[in-house]
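Work through these short exercises on aromatic rings. Try each task before you read its solution.

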Amino acid sequence: FKAPNEMGVRSGPSYGRPDIKTALLNYVIRAFYPELLEAHGIDTTTAGIPAWQEGVSPTALPTEVYRAFYAELLRRTARLVALWQCVGWVHGVLNTDNMSIVGDTIDYGPFGFVEFFCPTHVSNGSDDRGYYCYRRQPDAVKFNMRKLAEALAPLLPLEESFAELEKFDEIHHDAYMQQMRRKLGLIRTEKEEDAALVADLLETMQATAADFTVTFRAMSDVTLTAGSIHPSSDDLSPTFQEAEANILRRLGGLVELRRTLRPAMDPSRVQMVAGMLRQGVTLEQMGMDQDTWQQWLGAYKEYEKVIGLTASEKEARDKELWRVWLTKYARRLQKDAEGLDKDALSQWEADRRALQNRSNPKAVLRNHMAQRAIEEAERGEYGEVRRLVGVLSRPYDDDHEERDCLPAVDTKPLVVTCSS
């Protein structure tokens with residue numbers, strides 16, 4: 001239903017056919033959102049019938065039904081992308097035609113799980129500008145919902161769909177934080193400080209080349225004791241020694257750290273742009289906006305900090321960064337357990353850790369695992385494929401082999417594209 005634009009791009013094949021648009025939208029609602037019809041007192045067996053006949057314009061449903069449909073799809077989609085991010089998953093190709101009208105994940109193409117955490121991680125080798133990187137996924141999905149709103153007009157007036165679209169960020173944030181609290185075992189209380197705690201965790205992961213899946217799985221190893229939850233306790237290290245050890249021994253080395261901190265813009269180009277700015281050339285003349293330049297410049301400055309870092313310096317730095325964050329985390333757990341007696345504390349601890357291990361997978365499909373299975377299958381050997389299917393059918397179990405739970409280190413990352 002896309003209209004031609006001022007650039008002369010051709011219109012969609014059904015542009016100017018409101019009869020087809022009405023029939024299609026009515027069918028979608030009747031087939032996949034019947035509860036919306038019921039809520040408005042409309043017979044679900046006859047709504048939108050006849051669906052479409054050449055030369056016959058189907059009857060449009062009430063505008064409030066179309067708005068309810070758009071609002072529900074927006075809610076599902078915002079929640080979906082939040083859940084992607086909470087397991088470190090990157091879709092890779094979030095074009096409008098790769099979005100589902102029922103809010104499910106479709107088009108499993110060049111997707112991937114973030115390993116050594118980097119917010120600008122790109123899973124699609126063709127996405128050289130990072131349009132669909134880990135951090136930008138909510139924005140990409142919100143853009144797609146805007147395009148859907150434009151396609152639904154005038155059946156659903158833009159002022160009504162855009163009013164719903166304004167709720168996207170809040171819905172996404174709430175779903176993201178709800179799941180992150182589950183991953184961190186914060187089961188009794190919600191605090192405003194939780195968003196900062198999560199942000200600090202991701203920053204620490206990036207600064208130390210920590211694997212996303214391994215790190216979150218280790219969070220359930222933090223264990224409060226009756227003594228350590230006392231408000232006067234200063235040294236909380238006994239509560240997180242096991243988690244700290246598991247995280248530190250799985251960190252990437254200097255190669256992985258430099259790779260995760262390397263800016264999207266090649267460092268040589270950053271230097272070139274900076275030099276041109278000093279000579280009086282403007283960002284506008286270079287086809288760049290101020291926000292993008294500041295992001296790239298900031299990333300470059302962070303990258304510079306690790307260029308000359310030695311392995312021993314990284315090790316000492318990693319220990320300090322994790323000690324700081326884990327102390328914050330232990331104090332937040334104290335607040336969640338505040339007021340519990342000894343028996344209640346033990347139950348809270350068991351419930352918290354069980355929830356965390358149901359929310360943080362131990363095994364995910366990493367590219368090197370898939371590649372190993374593919375190579376064997378190409379030789380006619382399917383044992384690894386069957387074994388891998390078994391592993392991934394129970395990602396939260398605790399008895400997986402190490403090879404199914406760890407990132408590949410000291411190797412060049414495998415890059416996939418839509419044609420992989």
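**Exercise 1.** How many aromatic pairs does the count come to?

Solution. The model is predicted. Ring centres must lie within 6.5 Å to pair. By this rule the count is 12 aromatic pairs.

**Exercise 2.** Classify the pair of Y33 and F69, then place both residues.

Solution. Step one: take the distance. The ring centres of Y33 and F69 are 5.1 Å apart. Step two: take the angle. The planes stand at 85°, so the pair is edge-to-face, as angles over 60 degrees are. Step three: locate the residues. Y33 is in the loop between helix 1 (18–32) and helix 2 (34–39), while F69 is in helix 3 (residues 63–86). The pair therefore ties together parts 36 residues apart in sequence. Step four: check burial. Y33 and F69 are both buried.

**Exercise 3.** Do likewise for F117 and Y134.

Solution. Step one: the ring centres of F117 and Y134 lie 5.5 Å apart. Step two: their planes are at 90°, so this pair is edge-to-face. Step three: F117 and Y134 each lie in the loop between strand 2 (112–113) and helix 4 (137–152). The pair therefore ties together parts 17 residues apart in sequence. Step four: both F117 and Y134 are buried.

**Exercise 4.** Which residues do ring pairs link into a cluster?

Solution. The cluster consists of W84, W89, Y108 and F111.

**Exercise 5.** Which residue lies over the face of F216, and which over the face of W348?

Solution. Take F216 to begin with: K183 lies over its face, 4.5 Å from the ring centre. Now W348: R352 lies over its face, at 5.1 Å from the ring centre.

Key. Residues are numbered from 1 along each chain as its sequence is written. This is a predicted model: local features need pLDDT of at least 70, side-chain atom pairs count only at pLDDT 80 or more; totals for chains, interfaces and linings use all residues. Side-chain values use heavy atoms; hydrogens and water are left out. Rings of Phe, Tyr and Trp (its six-membered ring) pair if their centres lie within 6.5 Å; planes under 30 degrees apart count as stacked, over 60 as edge-to-face and the rest as tilted. Helices (H or I, at least four residues) and strands (E, at least two) are DSSP runs, numbered from the N terminus. Buried means under 20% relative accessible area, exposed over 50%, partly exposed in between (1.4 Å probe, protein chains only). A charge sits over a ring if NZ of Lys or CZ of Arg is within 6 Å of the ring centre and within 35 degrees of the ring normal.
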